[in-house]
Every structure is written in C-alpha cells, then in structure tokens.
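Me: I am new to reading protein structures. Please take a close look at a single part of this one, going step by step, and then show how the parts around it fit together.

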Amino acid sequence: MKRVFAFIGFSMAITLIVLNTVAYSFAKYILIAAALAFAVSMLVKKLRQEKVVPVTLGAVLFSCLVFIICMQSSVLPQKTLDGETATAVFEIVDVETEDEDGWLYTVKTKFIDVSGSPQDIKLKLRSKTKINADYYEEISGVLAFYSYTDSAFDSYGDYGNNVFVRASLIGYEPTEDNSKPLNYYILQIRLKIKDILTENLDEEKAGLALSILTGDRRMLSDRINESFTTCGLSHLVAVSGMNMSVICFCIYYLLRLIKIGRLPSTAVTLLAVFLYSGVSGYSKSVLRSAIMISVMLIARLINNKADTMNSLGFSVFLICLNPFSVTDPSAVLTVTAVIGLSVVKPEYDKWLRPKNSVLKYLYDGLFAGISVMITTIPAIWLFFGKVSLISLFANILCVPVMEAALVFILLLCLFSGVPFFADALCFFSSFFTGALIEIAAFFAERFKFLYVNISDSLFGVAISGILLLAAVSLLINRKISMKLISLFTAIAFMVCAAFSFYDYTRNAYLTVLSSGGIMVYDRDAALLIDFDDNSDCYALENTVGSSGFEKVTAVNSSGCRKAITGVFPDAEFISYDDATTDLCAHIGMDYVGGVLSVSIHNNVFKIDGDYVTINGYKTYRNIYDRFSEKDNVTFIITSDAQMQIRKG
C-alpha cells in the first residue's frame, strides 16, 4: 500500500478534530465504535485485503486511545487544581508577555503542595509585577490555580502546548538552584535576536522582522497585524514551513556550493532545523515542517526521493501524538496548505500551466494561492470565519519580498557585529520589511471589502458538500476531478455569499473586542462603546469601516475621537449619562445603575464593566486581555430574535 503514513496521519488528525469538538462524555462511545469497526475490518477477508481499510480504522482507534489516555492522565488530574491556592516550586520556561494587566509567564512546576495533585505540570502564570528571576531558575511561590475552559478549541492554543490550567501569582522568592538546560541557551538566542533587530531597525520594522524570523508577534504593531490579516498575509508573520524551507535549504545549497560533502552538509542542515525549531518556539507548524525537511534530507542522502504526502502524513502522525495539536490553527493551516500545493495544484498544472516564463510565474503565484485556498477553507471556516480574496494577488507580490527579507534578517542577526557588512544588511532588511508593510497596507486599505465573512453555517454546509463530492469522486474514479470540484466550489460560494449578504441586511451584531470595547451595529447604524485605544480603532476600520451607516454613536469613546471621525465624520459622541437614544428601528439603549442595556430585536444585552450578558450567555469583556490573546467575540441577533455566537 502506497503512502501508508498519509492514511495514518490524516485519519488520526480528522478523528482528533472530532474528539476535540464533541463533549468528552462521547469519547468512549466513539472509541467503542472505532474498536468494533477495526475488528470487523480484520475479520472480514475482503476488507482485510483492502489494506487501506484496516490501516485507516486502526489509526482512528489509536487516536481515540491517545485522546482518552491523555485526558485521563493529564487533563482531568490537573483540573482538580481549579480553585486551589498552594505553595509551588516552579521555573520560567519561555519568554514572558507584558500587557496592561501585568505579566504572563509560561512556567513548569516541580512541586505543588496539594495532596494527590500532579506535580510536574506546565501552566500559564499571571503576575501583577515582573518576576525578578532568570529563565529556568527555581522559584518558590504561592499560586492561586484556576481552570478557564474545558475545550481545547477554546484554549487559544494552550491545550496544544500541554497547558490545561492557569494560576495567579500571590508571592514568590527565588531558591538556590540555578542549573540550566539546553533550552535556556535557545531562549537566550531568541532574546539576542530581539535585541539585534530592535537596535538596527525602527520599532515597526523590528516587530515585523522578529515575527518573520521567529514567529514572535508580541512586538508586531496593531496596524501591521490588522493589515496583514485583512489582505490574507498572516502566514507571512507566523513561522511556518515556508520560513523553515527558505532557511534550511539556503544553508544546505550554500554548503554544497562550497564543495562540502553531502553527509556533513545534511548533518549541519539537520542541526539548523533543530536550532530553528527551538528559536521559533517549537510551534506545531514548525515541527511539522522540521519533520518533513528532515525526512527529505535523509532520503536525499540515501539517494531516495521522499514522497511529499507520505512525509507530510508521517509528520502529522508524530504531531498527533499530542491529541490537542489539531486545535492549533497554524498547524492545521500549514498541513492543509501543503496538501493544496502538492495535490491540488499539480492537477491544475496538467491542463492549465502555460509555457511562457512570465505567464508561468504569474500562473504559479495565482494558482498556488487558489489551490491553498481550496484546501484551507475548511480550517479557515472552523477557526476564523473570514477569508481574504485579495490574498490570491497579494501573495504573488509579497511572498518573494518576504523570502528576501527573511534571508537578510537572518544574515543581519548572524553578522551584526561586522562593520560595513552589517550596515548593508541593515539597509536591505529595512528595505524589504518596509516594502512588506507598505504593500500590505495598500491592499488592506484598497481592498478590505474582499475580506469576506464565511462564518455562517451555510458556508459550513457548502464546505461539507465539497468534501463529500471529493470523497465520492475518489471512491468512484480513484481520483478527484479538479474541474468538477472547482466548478462546484465557485457556484457554492457565490450562492453562500449572496445569502450571507441578504442575512446581513436583516441581522444585528454585537462584537466584544479584544480590549473590552464593544460595537453594536446593523446595516443602518452603529453604536461604539468604550473605544479607548488603537486596537479598537483598527477593529472598527476592518469590521465596519466600509459600511455606509446612517447614524454612528460613540459612548465613552472620546479617546478615539480622531480615529472614529476619520472613518465616520458625522459620528455623535456622548457619555454614559447621556446614553438614552434610539439608533434605528430596532436598536436602543439605556444606562441605569452602572449597567448599559442595549435592546436588539426584543433581546436585551446587559453590559457592565466585566461582562456582556444576553439570554443566559455571558462573556468577559476583558477575557482576551487576561489571557493575552487577540481575538473578538460577535453575538449575531437575527430578525426572528434568535442568537448565534461567532469568534474571530
């Protein structure tokens, strides 16, 4: 059977997505069903001879076992710490994040003074002040533990990083143990890279350069983050297989160019793969790429061509040994993007690829984007709910610029102390990062109307139909007809877009921003509440900036007056005490006793300093600040007074 690891890896990934989506109480029933199906496939001779059937069902059964074992041995025992306050010994194992609420650390405990609790666990620790201790220095402190979600998809990557609980720091003091593991020195390299870039580039370009090279987006400005998201270039500011491939194969071919033997060139490149994985934080997308590149390099060493899909399946299999890794958007997107490039695009190439070199370059850029979009749409719908159509063209311009920027940024970090040469590297790094910023800003400003919302359930039905059509085509013809799939996809999404636009004209929306600001809007009017920083204004521009509202009212938002009036010149600014007004036929508000009430389609939102509540649903206004994540929550209120919740 060809591509055995492709069947194993992808079967495991799909099964784990299902297991992480449904309630844990259903996991045992899925396990029983998988065990019965596998047993039947082994007992029935005809099924057993079709090797793909028992292999696939065996992978499904194995992933169920991995998921349940991890839940029973790690997640549920750590959940018992919820609500406990105890002395613990821990060490800081990653670079910390600072925000307006204090500091957020990733720590690993060595001891927790709670009877029967797990001892060696990884968690996120919130501290009001900076902890005065070095990385991997042993610290004794009092921690207040809390559990914040029971779903891996709602953990914002924590479950995938083996973080199942969080804690607040009450007090601490360093101990005498100062031993340092290898990862300590990798962290120092990350910090050194940050220092070099901030010393040689201005703030915005340094933040972008750091994100391109290491995937650390903490210095990335809101303006750049929003513009890259709007024009579908977010993958350029998150370390992925592209970054790993550019760096590692540059090293490999440079060594081969100077006549270094194949074996030492491969060994040095594999070492670079390991170091770069550490510097970029061992993200799932980087690990996937690291495994694939390692397999390809070793295959080349033994004069054997590695199969892309089998190598991808093998890396997915290894990553799925952590059953929550499939809830990491970057990992899922990079895997589905590779499928698009290695499976879908070659099918287009057979009947569309031109021979002219200029047309070939344009074709490759456009159809690489189309192929990736086709295979990543399910993941985009699942995780984000929005897709940028202009990305098909923006990537043609930006990918070569990003690759050039990556090479010069890496060289700058390696040779920053070399006179004159470092100046040249600094110039080119600044030039290419600046070009990326300007191109992204241009596309985001001119074409933000092509940043399309696909979170509607109708798009989910269309995506399911496309996947079903592909599966039927594969079963009947042993291959997928790309002409048929492309035609069906285009028709399905045009129909969905038309229905979604029709719904938009009838629905109202309430969005809780990552900073705690709130937008209430429908097709006619918008209400802006507690807009007080730049991130709020960027969210305004990208969420409702292209809408032609008849009336815009800003409550307690004078700090963003200039930005709001820049988008809506006729906006009315009022205080909470003035908040008694009708926005349109079905939106009104009132302010009584410190609680702002917003009425939409006979549903009333209660908004106070901490929560937004409607019909029993409650969300923290500051939940993303608390957890240092950038995301929004939107309540959708339909014309028949029903409510949906959309994240992203």
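Reply: Asn162 sits in the loop between strand E5 and strand E6, the latter running over residues 163–174. Keep in mind that this is a predicted model. Asn162 has a phi near 65°, which is positive, although Asn162 is not a glycine. Most residues other than glycine have a negative phi. Asn162 has a relative accessible area of 38% and therefore counts as partly exposed.

A second residue makes a useful comparison. Tyr136 is also not a glycine, and its phi is positive at about 60°. Tyr136 belongs to the loop between strand E4 (122–127) and strand E5 (139–146). Is Tyr136 buried or exposed? The relative accessible area of Tyr136 is 10%. Buried means under 20%, so Tyr136 is buried.

Now for the wider setting. The protein contains 20 helices and 21 strands. It has 648 residues, of which 47% are buried. Among contacts between residues at least 6 apart in sequence, 64% join residues at least 24 apart.

From here the close look moves to the helices. In soluble globular proteins, nonpolar side chains tend to be buried together. In this model the largest nonpolar core has 49 residues, and those with the most contacts inside it are Leu197, Leu208, Phe228 and Leu436. Several helices supply at least two residues each to this core, among them H5 (182–200), H6 (203–214), H7, H8 (241–257) and H15 (421–446). H14 gives the largest share, 10 residues. A second, separate core has 32 residues, including Met12, Met309, Cys320 and Val326.

Leu197 shows how the larger core is joined up. Setting aside residues up to four places away in sequence, Leu197 touches Ala206, Ala209, Leu210, Ile409, Leu412 and Cys413.

Two of those partners, Ile409 and Leu412, also take part in the contact between H14 and H15. The axes of H14 and H15 are 8 Å apart, and the angle between the two helices is about 155°. The pair is therefore roughly antiparallel. H14 passes H15 in a left-handed crossing. On the H14 side, the residues in contact include Ala394, Leu397, Val401, Phe408 and Leu411. On the H15 side, they include Leu425, Phe432, Leu436, Ile439 and Phe443. Leu436 thus appears again, having already been listed among the residues with the most contacts in the core.

Phe228, another of those core residues, lies in helix H7, which covers residues 222–230. The buried residues of H7 are Ile224, Asn225, Ser227, Phe228 and Thr230. What caps the N-terminal end of H7? Ser221 does, with a side-chain oxygen 3.3 Å from the backbone nitrogen of Ile224. Just after H7 comes Gly232, with a positive phi of about 70°.

H9 and H10 form another packed pair. Their angle is about 175°, and their axes are 10 Å apart. That makes H9 and H10 roughly antiparallel. The H9 residues in this contact include Leu263, Thr266, Leu270 and Val273, and those they meet in H10 include Ala290, Ile293, Leu297 and Leu301.

Thr266 deserves its own look. Thr266 is part of helix H9. Its relative accessible area is 2%, so Thr266 is buried. Leaving aside neighbours within four places in sequence, Thr266 contacts Tyr252, Leu297 and Leu301.

A further threonine, Thr336, is found in helix H12, which spans residues 329–352. Thr336 has 15% relative accessibility and therefore counts as buried. The side chain of Thr336 reaches the backbone oxygen of Leu333 at 3.0 Å. With neighbours within four places in sequence left aside, Thr336 is in contact with Thr375 and Thr376. The C-alpha atoms of Thr336 and Met373 are 9.1 Å apart, and the two residues are 37 apart along the chain.

To return to the starting point: Asn162 and Tyr136 both have a positive phi. Asn162 is partly exposed, whereas Tyr136 is buried.

Methods
Residues numbered from 1 in each chain as written. Predicted model: local features only at pLDDT ≥ 70, side-chain atom pairs only at ≥ 80, totals over all residues. Heavy atoms only, no water. Buried < 20%, exposed > 50% of the residue type's maximum accessible area, 1.4 Å probe, protein only. Helix = DSSP H or I, 4+ residues; strand = E, 2+ residues; numbered from the N terminus. Polar contact = N/O pair within 3.5 Å; in protein donor to acceptor, adjacent residues only side chain to side chain. Core = buried A, V, L, I, M, F, W, Y, C linked by side-chain atoms within 4.5 Å. Contact = heavy atoms within 4.5 Å. Axes fitted to C-alpha atoms, helices over the stretch in contact; angles between N-to-C directions. Parallel < 35°, antiparallel > 145°, perpendicular 65-115°, else oblique. Left-handed = near helix turned anticlockwise from the far one by under 90°.
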